[in-house]
Amino acid sequence: MKNELFVTAGEVAQELGVSKPFAYKLVRQMNEELEEKGFITIAGRVSRKYYEEKFYVDNWFQRSAGKHKMPEYCELIEKVRNQKYPVKIKFGLEICYFKEDETFIGEMTKDQGFDFLLGSIHFVDRFAFDHKPEHWIGIDVDTIYRRYFEDSISLAKSKLFDGIGHPDAIKLFGHRPSFSLLGYYESLAKELSNSNMYADQNSGVARRCSKTSCLGMDKDLLHILKKKNIKIITSSDAHSPEDVGDKIRELEICVANA
C-alpha cells in the first residue's frame with residue numbers, strides 16, 4: 001500500500017529512473033533541507049509532499065502533464081530503433097535546468113543512449129515565468145531577467161547538454177527589462193561556443209503568445225549567436241501533432257536576416 005505521507009529511497013529510484021545509492025543521496029539531501037527548516041525527518045524516506053514539490057513542481061503538473069518513468073521511455077526508444085522507417089528518428093530529452101541539480105541530471109542521463117539532450121529554463125528559482133501571465137503581477141522584471149540569463153549561462157557552462165532550448169523565452173508575456181541585454185547575449189554566446197552547443201530557434205513562444213512575443217529569438221540575440229558561429233537549429237516545439245513543423249520556413253528566414 002502506497003504511503004501517502006512519505007516516499008522511500010526505493011520509490012524515488014524507481015520513479016526517477018536513477019540508481020538506489022543516488023536515490024538515497026537525494027533523500028538525504030531533501031531531509032537536510034527540511035531539517036534546516038525545523039522539521040523532524042526519518043532516515044531513508046522523505047515527505048512525499050516535499051518530494052513532489054521539488055521534482056514535479058506542483059499538483060498541476062501531475063494532473064495535466066502526467067509523467068512517465070525513464071525506463072518506459074528507454075524501452076520505447078529501443079523498440080523504434082529496431083524498426084525500419086523512411087526517415088531517421090532521433091530520441092532525446094528536453095531537461096528543465098536547475099543549477100543545484102546538475103549532478104542529478106548527469107546521473108539520470110548517463111549511458112542512456114540518447115541522441116541529444118536539450119537544456120532549457122522554465123523557472124527562475126521557484127517562479128514559473130512561462131506558466132500564466134498573472135504570475136508576473138508584483139514581480140521585479142529586471143531581477144527576474146538577470147537571474148534568467150545568469151541561469152542560462154550556467155546551463156551552457158555545465159556541459160551537460162547538446163543545445164539550449166528557446167534561449168529568451170522569458171519574453172513571452174511581453175515583459176522587458178529596463179536595461180540592455182546585449183552583455184548577457186554576448187556571455188551566453190561565449191559559453192555556448194566553449195561547450196560546443198547549439199541554440200534552438202523555435203515557434204513555440206510565438207504560437208502561445210502571438211500578441212506579446214516575436215517569432216523565435218530576439219534579432220539582436222540571433223545576430224550575436226551568428227557572429228560567434230553558434231549553430232542555430234529550427235524547431236516547432238510541438239506539444240501536439242498538428243503543431244509539428246509550425247513556421248519552420250519563417251524561422252529560417254529570421255535566422256538568415258539577423
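A residue is taken as buried when its relative accessible area is under 20%. By this criterion, both Phe129 and Tyr148 are buried. The model described here is a predicted one, and the account below moves from its aromatic contacts to its sheet and then to its internal spaces.

In total, the structure contains 12 aromatic pairs. One of them joins Phe129 and Tyr148 in an edge-to-face arrangement, with 5.3 Å from centre to centre and 90° between the planes. This contact links distant parts of the chain, since Phe129 belongs to the loop between β4 (116–120) and α7 (141–158), whereas Tyr148 lies in helix α7, 19 residues apart. A second edge-to-face pair is formed by Phe149 and Tyr185, whose ring centres are 5.8 Å apart and whose planes meet at 65°. Phe149 is located in helix α7 and Tyr185 in helix α8 (residues 182–194), so this pair ties together parts that are 36 residues apart in sequence. Phe149 and Tyr185 are both buried.

The residues of these two pairs belong to one aromatic cluster, which consists of Phe129, Tyr145, Tyr148, Phe149, Phe179, Tyr184 and Tyr185. A charged group also meets a ring of this cluster: the charged end of Arg146 sits over the ring of Phe179. The distance from that charged end to the ring centre is 4.2 Å.

The strands β3, β4, β5, β6 and β7 form an open sheet in that order, with parallel pairing. Its edges are formed by β3 (92–96) and β7 (232–235), each of which pairs on one side only. At one edge, β3 and β4 are paired in the parallel sense over five bridges. Within this pairing, Cys96 has Ser120 of β4 as its bridge partner. Strand β4 is mostly covered, as four of its five residues are buried. At the other edge, β6 and β7 are likewise parallel and are paired over four bridges. Here Gln201 stands opposite Thr234 in β7.

Gln201 also contributes to an enclosed space. One cavity of 30 Å³ or more is present in the structure, and the volume of the largest cavity is about 60 Å³. The lining of this cavity is made up of His166, Asp168, Ala169, Lys171, Asp200, Gln201, Asn202, Val205, Gly216 and Met217. Strand β6 (residues 198–202) gives the most to this lining, contributing three residues. Classified by residue type, the lining of the largest cavity comprises three nonpolar, four polar and three charged residues.

The second largest pocket contains about 150 Å³ of space. Its lining consists of Tyr145, Asp168, Ile170, Lys171, Arg176, Ser180, Leu181, Leu182, Tyr185, Cys214, Asp218 and Asp220. These residues divide into six nonpolar, one polar and five charged. The pocket is connected to the features described above through its lining. Tyr145 and Tyr185 line the second largest pocket and are also members of the aromatic cluster. Asp168 and Lys171 likewise line this pocket, and both residues appear in the lining of the largest cavity.

Notes:
Residues numbered from 1 in each chain as written. Predicted model: local features only at pLDDT ≥ 70, side-chain atom pairs only at ≥ 80, totals over all residues. Heavy atoms only, no water. Phe/Tyr/Trp six-rings, centres within 6.5 Å; stacked < 30°, edge-to-face > 60°. Helix = DSSP H or I, 4+ residues; strand = E, 2+ residues; numbered from the N terminus. Buried < 20%, exposed > 50% of the residue type's maximum accessible area, 1.4 Å probe, protein only. Lys NZ or Arg CZ within 6 Å of the ring centre and 35° of its normal. 1 Å grid on protein atoms, 1.4 Å probe; cavity = no way out; pocket = protein on both sides within 12 Å on 5 of 7 lines; lining within 4 Å. Points joined across faces, edges and corners; volume = space filled by probe spheres on them. Nonpolar A, V, L, I, M, F, W, Y, C, P; charged D, E, K, R; others polar. Pairing = 2+ DSSP bridges.
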